Amino acid sequence: MPATSPHRVKKAILPVAGLGTRFLPATKAMPKEMLPVVDKPLIQYAVEEARAAGIEEIILVTGRGKTAIEDHFDHSHELEHTLRERGKTEQLATVTAIMPQEGDIAYTRQQAPLGLGHAVWCARNLIGDAPFAVLLADDLIKADTPCLKQMVDAHAEVGGNMVAVMDVPRAETSRYGVIDPGARRGRLTEVRGLVEKPAPEDAPSTQCVIGRYILCPEVFDALSKRTTGAGGEIQLTDAIAEQIGRAPFHGFAFEGQRYDCGDKLGFLKATIAFALERPDLGPGLDSFLKSLGD
């Protein structure tokens, strides 16, 4: 099997069917992916990262109550007309810039909350026979070069399956998929094994998988078995682990800062970090934060 992939990564799956229970009551009527970091919803950050990586088709795996996400990437004719009539050209450009080309975003439903692996499996008929990406909007990564772009460039050299990894304190390994690392070359580490949510004393390392993946379509064969794992859910990491030995598999230590926006504290940290970089907000926010210590 050649090391490099014969196909460029052109499609990405964004699972957005989760209930967002950690952010209740805010997410009772609003999808958690629409929570704004400064003035842009999490899902938009994910879509923009995918586009920057050369992704041509985005597949959103949605659920009940998620129509606001679809509306966000569609025209709002009344809003656009009002902005145009009032001469608010900057705001008009902002809302129209996020519009995809017709057909660039597709939607499918996850009809039951059976886990991340099941959500990815729901998009199987839209993928084809080429490698594809998976992005979790909860994981917001602040980087000069978008994380998925870093991975796509590395994947062009090694092919196979690839997951973004970062070191975490050993006490936190029970929250992640954890790799058993092999040989390391630059930012790439060979993956010899992958365990979902192991107890700290059982974790093979502290290199943990976060929400960026590039996967071979063969992963759908494993997901089709609907085998449940940690938490009684169909785990994507379990299906990827089945591919070890059949295709190259690497962990990619990305450059950038990851914020867990599925967690309230992580969400607040992300909002502050992104706001501080804004020339219109940064100086005032920085002054306010310093005043808190007075």
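Modeller: A salt bridge here is a side-chain nitrogen of Lys or Arg within 4 Å of a carboxyl oxygen of Asp or Glu. Do keep in mind that this is a predicted model.

Colleague: Happy to. What makes Asp260 and Arg175 a salt bridge?

Modeller: Their side chains meet with N and O 3.4 Å apart. The limit is 4 Å, so the pair qualifies. Asp260 sits in strand 13 (residues 257-260), while Arg175 is in the loop between strand 8 (161-167) and strand 9 (177-185), so the pair ties together parts that are 85 residues apart in sequence.

Colleague: Is Asp260 called buried or exposed, and how do you know?

Modeller: Asp260 has 15% relative accessibility. Buried means under 20%, so Asp260 is called buried. Arg175 has a relative accessible area of 44%, which falls between 20% and 50% and therefore makes Arg175 partly exposed.

Colleague: Which other residue forms a salt bridge with Arg175, and how do you know?

Modeller: Glu172 does, with the closest N and O atoms 3.7 Å apart. That is within 4 Å, so this pair also passes. Glu172, at a relative accessible area of 27%, is partly exposed.

Colleague: Why is the pair Asp153 and Lys149 called a salt bridge, and how are the two placed in helix 6?

Modeller: The N to O distance is 2.8 Å, and the cut-off is 4 Å, so the name fits. Asp153 and Lys149 are four residues apart in helix 6 (residues 147-158), which means about one helical turn separates them. Asp153 is partly exposed at 38% relative accessibility, and Lys149 is partly exposed at 27%.

Colleague: How many salt bridges does the rule give, and which residues are linked in a network?

Modeller: The count comes to 18 salt bridges. Asp39, Arg278 and Asp280 are linked in a network of them.

Colleague: Now the cysteines. How many disulfides are there, and how do you know that Cys147 is in none?

Modeller: The count is zero. For Cys147, the nearest cysteine sulfur is that of Cys261, 14 Å away. A disulfide needs two cysteine sulfur atoms within 2.5 Å, so Cys147 does not meet the rule. Cys208 is in no disulfide either, as its nearest cysteine sulfur, that of Cys147, is 15 Å away. Both Cys147 and Cys208 are buried, each with a relative accessible area of 0%.

Colleague: What makes Ile272 fit for a nonpolar surface patch?

Modeller: Ile272 has a relative accessible area of 34%, and patch residues need over 30%, so Ile272 clears that cut-off. Ile272 is in helix 9. The patch, about 430 Å², is made by Ile272, Leu276, Phe288, Leu289 and Leu292.

Colleague: Which helix gives the most to that patch?

Modeller: Helix 10 does, with three residues. Helix 9 (264-276) and helix 10 (282-292) each supply at least two.

Colleague: And what makes a residue count as lining the largest pocket?

Modeller: A lining residue has an atom within 4 Å of a pocket point. The largest pocket holds about 1400 Å³ of space. Of the 45 residues that line it, Arg22, Lys32, Leu116, Asp138 and Glu233 are the closest to its centre. Helix 5 (116-121), strand 11 (207-215), helix 8 (236-241) and strand 13 each supply at least two residues of the lining, and the largest share, four residues, comes from strand 11.

Terms used:
Residues are numbered from 1 along each chain as its sequence is written. This is a predicted model: local features need pLDDT of at least 70, side-chain atom pairs count only at pLDDT 80 or more; totals for chains, interfaces and linings use all residues. Side-chain values use heavy atoms; hydrogens and water are left out. Buried means under 20% relative accessible area, exposed over 50%, partly exposed in between (1.4 Å probe, protein chains only). Patches are made of residues with over 30% relative accessible area and no salt bridge: like charges are joined within 9 Å, nonpolar side chains (Val, Leu, Ile, Met, Phe, Trp, Tyr) within 5 Å. Accessible areas come from the Shrake-Rupley method with a 1.4 Å probe; for residues, only the protein chains shown count as cover. On a 1 Å grid over the protein atoms alone, a cavity is a set of points where a 1.4 Å probe fits but cannot get out, and a pocket is an open set with protein on both sides within 12 Å along at least five of seven lines; lining residues have an atom within 4 Å of a point. Grid points are joined across faces, edges and corners, and a volume is the space filled by probe spheres set on the points.
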